[in-house]
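Here are some exercises to work through with a structure viewer open. Try each task yourself before reading its solution.

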Amino acid sequence: MASVTFEKTSKLWPGSSQPAVNGLDLEIGDGEFLVLVGPSGCGKSTSLRMLAGLDTVDGGRILIGDRDVTRLEPKERDIAMVFQNYALYPHMTVAENMGFALKLAKTPKPEIDKRVNEAAKLLGLDPYLARKPKALSGGQRQRVAMGRAIVRQPRVFLMDEPLSNLDAKLRVQTRTQIAQLQRRLDTTTVYVTHDQVEAMTMGDRVAVLKDGVLQQCATPRELYAKPINVFVAGFMGSPAMNLFTLPVSDGVIELGGQQIALPRNATGQSKEVVIGIRPEHFVVASSGIEMEVDVVEELGSDAYVYGRTRGPNGELQIVARVDWRNPPAKGSRLQLQAEPKQIHIFAADTGNRLI
Ligand SMILES: Nc1ncnc2c1ncn2[C@@H]1O[C@H](COP(=O)(O)OP(=O)(O)OP(=O)(O)O)[C@@H](O)[C@H]1O
Ligand SMILES: [Mg+2]
């Protein structure tokens, strides 16, 4: 096991004007499960591939433990990677697939068998060891790919969207299994996903990237409660946080006919702020922010209403969670309240969190 450190690590692809990864500073603790998340093209895979040694590093360093691995070959780094396309060898059994890397490394046969059997037990694959991949379900194949990484007993696991080939239900099951397994093995893991729900549920900490730049790295709880800027605020959470750009005068904003006083120390001299309110932090009341309901989305244990409210320059889209036992009708009008401490405030010019 080992820690992983990115030190001002950068990657500039030839012919590109913007670095794909731009001065990444990130320390991942020994045994930690760190999730890299962000929209498509933000540099997640490139960061992981530089750590694996599959892509070269153009600036800065990468350390595994206290060893500088920046210029080392992949096989010298003592890592194991699970990709989205974890192509198994179709002519080999599950056991042979899992043991193949060890065989290449000339590990003695009894040792291979021992490690394969241990990993199979851990993954619930022991009944399938003699089968070929084509006789397995998608989830079982995915577990074989995990097994292939586990038997190598690496210092670090790297996973790049390993669940994206699975259907929605299996994804949820498998993500729980991977998280449990990682906790049991206690191996440092860097996990890439573009799915913020996956990130929030699996990671000890989550690092949010945008355009190659690290925005925030924090526990899921902190990311949710204190997003550092408008981007993180809007990216983490589903449905996304409501974000409204509003003029502020004397520390007061107006939304949907309701005046809301913001904490003085938050707004300072700002003439304009972005305020953020999560859909789940609204409560329906007899007075408040007026909303006209366009769509009601009932999800069983939750219901969300989508509609419009009034801003200074016309209508604004708004979404709120409501009581699922008693959802309002389409076309109805609601009044919403939000507790002041649940209102996030960001600078309109920089997008950075105020306070
Ligand atoms: N081999 C390459 N040559 C040139 N540019 C590349 C190469 N690989 C990636 N890029 C560029 O680098 C940027 C980051 O790509 P990367 O694959 O790291 O994104 P990502 O965050 O993993 O996205 P996704 O969620 O779509 O997988 C993108 O703009 C991409 O076009
Ligand atoms: Mg990728």
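The exercises below go from the whole chain to single residues and a ligand.

This is a predicted model, in which local features need pLDDT of at least 70, side-chain atom pairs count only at pLDDT 80 or more, and totals for chains, interfaces and linings use all residues. Residues are numbered from 1 along each chain as its sequence is written, chains are lettered from A and ligands numbered from 1 in the order in which they are written, and side-chain values use heavy atoms, with hydrogens and water left out.

**Exercise 1.** Describe the protein chain as a whole.

Step 1: count the elements. The chain holds nine helices and 19 strands, taken as DSSP runs numbered from the N terminus (helices H or I, at least four residues; strands E, at least two).

Step 2: look at extent and burial. The C-alpha trace spans about 75 × 45 × 35 Å along its principal axes. Of the 355 residues, 48% count as buried; buried means under 20% relative accessible area, exposed over 50%, and partly exposed in between, with a 1.4 Å probe and protein chains only.

**Exercise 2.** Work out how helices α2 and α4 pack.

Step 1: choose the descriptors. Two packed helices are described by the angle between their axes and the distance between the axes.

Step 2: apply them. Helix α2 (residues 94-104) and helix α4 (residues 138-150) pack at about 35°, their axes being 7 Å apart. Axes here are lines fitted to C-alpha atoms over the stretch in contact, and angles run from 0 to 180 degrees between N-to-C directions.

Step 3: find the touching residues. Val94, Asn97 and Met98 of α2 meet Val144, Gly147 and Arg148 of α4, where contact means heavy atoms within 4.5 Å.

Step 4: check burial. In α2 the buried residues are Val94, Asn97, Met98, Gly99 and Leu102, and their cover includes α3 (109-123) and α4.

**Exercise 3.** Explain why helix α1 can be called largely enclosed.

Step 1: α1 covers residues 44-52, and seven of its nine residues are buried, so the rest of the structure largely encloses this helix.

Step 2: name them. They are Lys44, Thr46, Ser47, Leu48, Met50, Leu51 and Ala52.

Step 3: look just past the helix. Gly53 follows α1 and has a positive phi, near 90°.

**Exercise 4.** Is Thr189 buried or exposed, and what does Thr189 touch?

Step 1: Thr189 sits in strand β8 (residues 188-193). Its relative accessibility is 0%, so Thr189 counts as buried.

Step 2: leaving out residues up to four places away in sequence, Thr189 touches Glu32, Phe33, Leu34, Phe157, Met159 and Gln182.

Step 3: a polar atom of the Thr189 side chain lies 2.8 Å from the backbone oxygen of Thr187.

**Exercise 5.** Place Arg152 and list its partners.

Step 1: Arg152 belongs to the loop between α4 and β7 (156-160), and is partly exposed at 38% relative accessible area.

Step 2: apart from neighbours within four places in sequence, Arg152 contacts Ile79, Ala80, Ala101, Leu102 and Arg115. Its side chain reaches the backbone oxygen of Ile79 at 3.2 Å.

**Exercise 6.** Which residues surround ligand 1?

Step 1: the surrounding residues are Trp13, Ala20, Pro39, Ser40, Gly41, Cys42, Gly43, Lys44, Ser45, Thr46 and Glu161, each with a heavy atom within 4 Å of the ligand.

Step 2: add distances. A polar side-chain atom of Ser40 lies 2.5 Å from an oxygen atom of ligand 1, and a polar backbone atom of Gly43 is 3.0 Å from an oxygen atom of ligand 1.

How values were computed:
Polar contact = N/O pair within 3.5 Å; in protein donor to acceptor, adjacent residues only side chain to side chain.
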